Amino acid sequence: MSFAAVQRILGLLLTVFSFTLVPPFVVSLVTRDGAAAAFASAFALTLSIGFISWLPVRSIRRELRLRDGFVVVVMFWTVLSTIGALPFILADDPHLSITDAMFESISGLTTTGATVITHLEVLPKSILYYRQQLQWLGGMGIIVLAVAVLPMLGIGGMQLYRAETPGPMKDSKLTPRITETAKALWYIYLSLTIVCGLAYWLAGMSAFDAVGHAFSTVAIGGFSTHDASMGYFNSYVIDMIAVVFMFLAGVNFSLHFVAFRHRNISGYWRDSEFRFYTLLLSSVILVTVLGLYFTQTYDRWQDALLNGLFQAVSIGTTAGFTTAEFYNWPGFIAISLLFSSFVGGCAGSTGGGIKVIRLLLLVKQGLREITRLVHPNAHIPVRVGSKTVNSRVVEAVWGFFALYVASFTVMYLALAATGLDLMTAFSAVAASINNLGPGLGGVGAHYADMHDPGKWILCFAMLLGRLEIFTLLVLLTPAFWRK
Amino acid sequence: MKIIILGAGQVGTTVAQNLSNEANDITVVDREHALLRDLQDRLDIRTVHGQASHPDVLERSGADDADMIIAVTNSDETNMVACQAAWTLFHTPTKIARVRAPEYLSHPALFSQGSLPIDVLISPEQLVTDYILRLIQHPGALQVLDFAGGRVRLVAVRAYYGGPLVGHELRTLNEHLSGAAEARVAAIYRKGAAIQPEGHTVIEPDDEVFFVAASANIPAVMAELRKAEKPFRRLIFAGGGNIGRRLASSLENDYRVKIIERDEQQARRVSEDLHHTIVLQGDAADEDLLLEESIEDTDVFCAVTNDDEANILSAMLAKRLGARKVMALINRAAYVDLVHSGTVDIAISPQQATIGTLLTHVRRGDVVMVHSLRRGAAEAIEAVAHGDKTSSKVVGRMVQDIRLPPGTSIGAIVRGEQVIIAHHDTEIESEDHVILFLTDKSRINEVERLFQVGITFL
């Protein structure tokens, strides 16, 4: 481990990312909402911290090793979350406590979308914009963005990329060079965002809302500029646009890449993960809509259909937008929606959860054991599509699943121990680790009523979920630090 | 450039390593997951798993827009078929393949565009054999590299006390040399660091000096830098494989050659192939065997088995027992650094001998020869100048007016049959072959750009 090399990269990254505070600063100047000073000082602070940590070690020219990659990624996420909290603390309005600001910032960057702020409408425009932008940056991954814009990361870029990208098979590159891959991912991400924003705008959102919601939709985040989330617009067209883009953003971006490159969409359907994702999401939609219809939650069947569809996609992809108070829906529907968020998006998408491909592999592995009972001597490879999956990947998926469940349980118990009721504790941890956002019970609409220790536990859960457990936990093992 | 490398063996790995540092898009194909994973961890490349010659594997590797395919799997047949598939299905412009078996190589008609469409055949064994041959023909040289079909050579030597030029300024070199002999020092390495040679640079003992001269003048130049060495007479090669056998067959008429081969069957086969060579069956690291074969009177002991450790150890043993010069063939780059200029006089890296041939085809501009030096850090290239004074940045200019990147020097110019050693006032003409030495390979882009002809020429 070379701390100097890690420090150099971190300093560099911070310096570059301090410039992401410029757009909200500009928004603040334009709208004269009084938050400009907060952004200016946050920008100056970040820039100087980054520059000062980079300066003494700028001449260190060493490639990052595998271990350094983990440290850089985890450090960068935590440092950036901390620094991202600065505007919330410095601004006169909302002027959050440190805990609240950290929670809001981590929730933004990890694309969770859980908020502690109520009465969003009265906040300065620039703060609202800044929250949406946080989600957008976190969506495709800040490290992936860094790899795309900083070619000097070199081979170390691959180590960083692997520590951040979601999914069990991280070696599959879209292009031979990592910088090109990262660029391709961001181009796709950017184009989706632009198209989504235009669609929102044409459907009647104001330009400000359209941009903000495009950011958080394509990032599968869930922040909104209104307390009522998507429900504020009260437009089925907007809801359906959101459904389409949440669905697209939950698909593996390499499929988008292939489709774009070959100008051919047949690749989507050939992909087993995509088929399974569609199947799962359709079942969730079906169950929700039928559930709403038969429990007569809504008087009109159209409302049941549209609200059920929107909520199922929003929760299933882990975005967490709401058009209705789904946490007040009949218990079975609410909890089954929450469970669907455990699956989340596909590998290599912006969605959270354990990822569709992992579930698919777990299911196949389970089926294999059943076949083995019938044919004890058979060799049965685990296949995805027509390709056999390396047994190491299958093992890693099991390990991941076990750790996911274990982390979930520990944090659930910890939260319950702080005195929360079980439904609130359970759903809050689930919504955080899956990067979903809204939970059930006391955390349905917002997290403002949660006490401070609970918020810190949830912050950890959100980071754990976004960095897919391993990257964060490996830093907590003694073996990692042993020379 | 988009390049597909088939085979992640020793050659494939080295090529990938060298090329990926130069902003090329590299895809490596192999059948071994473990090899690919290892490469992927270290290099910024893409890997594809599968049988290299299968069209679907080639397609997955991006063959439809690849500029070059380098087939270096360990099977000649796979390499040949892969090139055929790449040409027929994807029209890949440049196809390079390693073909080892002399049975194929002896029929050049096989490799024409109409039959097996392979543009460049490389045979690492042949390249290594030539490399060692040149070293044996130039006693005292650390490295001898050919340019312009062997008319010009770049030679690396270590300067010693007693060489007439050692302790003197470089500008006196051509005064020392008698008659028409001329040479130019291209680079000097002192304690591992490159020094830009100027007229007033003083050569110190133990410097590694690279100079360029016409082939015939090389012994005279070397005699300036160290006491002239007696030509070699008695040679022992450890290992009767491909390389050992080729070496022996080309040297046995002029030298007294012995081969030590461990395997009895192989020893018999080699002895049947060769006429004047004594083939010994036994272990090259067997002290008694070496003593019995009067190792103390041997001029060169050269270990060329396919086992790095055995090569190094037997060479060290031979040196201790009194062999005059020992050389060892070493595949692993880390070992090359380890033994270089230690007990073992010369460490020969087959990858480095091979990579130059491949780099020749990757370089832009009209580059006819590339030699990779000092484990890839430096490079010597032969480039052809085209165009005229308006379209080219080199033609019609004197050497001192060409804006070379730092660490780069022009060693010699070959004009038709004539070899001109570069002076500051030598003017370069169109179609000249210019031999350059770069101590810092990362400047290669700037050199490439120098030799590219401007748009106006078209």
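**Helix 1, chain A.** I started with a length check on helix 1 (residues 3-17) of chain A: at 1.5 Å a residue, its 15 residues should span 21 Å, and the end C-alpha atoms are indeed 21 Å apart, so the two agree. Note to self: this is a predicted model.

Next I looked up which residues of this helix are buried. I got A:Ala5, A:Val6, A:Arg8, A:Ile9, A:Leu10, A:Gly11, A:Leu12, A:Leu13, A:Leu14 and A:Phe17. A charged name, A:Arg8, is on that list. Then I asked what covers them; the cover includes helix 3 (36-54), helix 4 (66-84) and helix 8 (142-149) of chain A.

**Cores.** I pulled up the largest nonpolar core, which has 151 residues, and found that A:Val73 and A:Val429 touch the most other members. Helix 10 (residues 178-202) of chain A supplies the largest share of this core, 10 residues. Apart from it I found another core, of 147 residues, with B:Val28, B:Ile96, B:Leu145 and B:Val157 among them.

Back to A:Val73: which residues is it in contact with, leaving aside neighbours within four places in sequence? I listed A:Ile143, A:Leu160, A:Ala163, A:Glu164, A:Leu467 and A:Thr471.

**Where the chains meet.** I checked the contacts between chains: 10 residues of chain A are in contact with 10 residues of chain B. On the chain A side I sorted them by class and got 4 nonpolar, 3 polar and 3 charged residues.

**Domains, chain B.** The domain assignment gives me domain 1 (2-122), domain 2 (128-225), domain 3 (234-348) and domain 4 (353-457). Last lookup: the C-alpha centres of domain 1 and domain 3 of chain B lie 32 Å apart.

Terms used: Residues numbered from 1 in each chain as written. Chains lettered and ligands numbered in written order. Predicted model: local features only at pLDDT ≥ 70, side-chain atom pairs only at ≥ 80, totals over all residues. Core = buried A, V, L, I, M, F, W, Y, C linked by C-beta atoms within 7 Å. Buried ≥ 20, exposed ≤ 12 C-beta atoms within 10 Å, placed from the backbone. Helix = DSSP H or I, 4+ residues; strand = E, 2+ residues; numbered from the N terminus. Contact = placed C-beta atoms within 7 Å. Expected span 1.5 Å × (residues − 1). Domains from an automatic or database assignment.
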